[in-house]
Amino acid sequence: MTTTTEAASTEKTGARTAEAAGVITGARERIDALDDRIIGLVQERMAVSAVIQQERITSGGRRVNLSREMEILGHYRGALGKPGTALAMTLLELCRGRI
């Protein structure tokens, strides 16, 4: 017999059993925690990038170093494939021009 709580849990997760719903719920909680960590790391990366840009500009250089950006794109592409390039582009966009 399925309880109302079990039915709601399986409906919310798309699972067909209460056991699967429990696994999915736990995994989703872990993903949420990982997402929070990723967001924090991206914010930290943005802050470090701002320091680099400020020092580069203060010393008479350009705000963006295209050869360095190409290195970053290659690194992400090598580690994650084509979607890694898109991810790196998004990170670079977030980190440019914050000063």
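The lining of the largest pocket draws on three helices: helix 2, helix 3 and helix 4 each supply at least two residues. The model is a predicted one. Helix 2 gives the most to this lining, with six residues. In total, 15 residues line the pocket. Arg45, Ser49, Ile52, Arg68 and Ile72 lie nearest its centre. The space inside comes to about 290 Å³.

Two of these central residues recur in other parts of the analysis. Ser49 is one of the residues nearest the pocket centre. Its place is in helix 2. Ser49 has a relative accessible area of 13%. The cut-off for a buried residue is under 20%, so Ser49 counts as buried. The side chain of Ser49 also has a polar partner. One of its polar atoms lies 3.2 Å from the backbone oxygen of Cys95. Helix 4 spans residues 82–95.

Ile72 is the second such residue. Ile72 also lies among the residues nearest the pocket centre, and it is one of the buried residues of helix 3. The others are Glu69 and Leu73. Seen down the axis of helix 3, the buried residues fall within an arc of 100°, so they line one face of the helix. An α-helix has 3.6 residues a turn, so residues three or four places apart point the same way. The cover over the buried residues of helix 3 includes helix 2 (18–58) and helix 4 (82–95). Those two helices also contribute to the pocket lining, as does helix 3.

The other side of helix 3 is exposed at Met70, Glu71, His75, Gly78 and Ala79. Helix 3 itself covers residues 66–80, 15 residues in all. From first C-alpha to last, helix 3 reaches 21 Å. This is close to the 21 Å expected at 1.5 Å a residue. Just after helix 3, Gly81 takes a positive phi of about 75°.

At the level of the whole chain, the secondary structure comes to four helices and zero strands. Read along the sequence, the pattern is α-α-α-α. Of the 99 residues, 18% count as buried. Contacts between residues at least 6 apart in sequence were also examined for range. Among these contacts, 39% join residues at least 24 apart.

Notes. Residues numbered from 1 in each chain as written. Predicted model: local features only at pLDDT ≥ 70, side-chain atom pairs only at ≥ 80, totals over all residues. Heavy atoms only, no water. Expected span 1.5 Å × (residues − 1). Buried < 20%, exposed > 50% of the residue type's maximum accessible area, 1.4 Å probe, protein only. Arc of directions from axis to C-beta. Contact = heavy atoms within 4.5 Å. Polar contact = N/O pair within 3.5 Å; in protein donor to acceptor, adjacent residues only side chain to side chain. 1 Å grid on protein atoms, 1.4 Å probe; cavity = no way out; pocket = protein on both sides within 12 Å on 5 of 7 lines; lining within 4 Å. Points joined across faces, edges and corners; volume = space filled by probe spheres on them.
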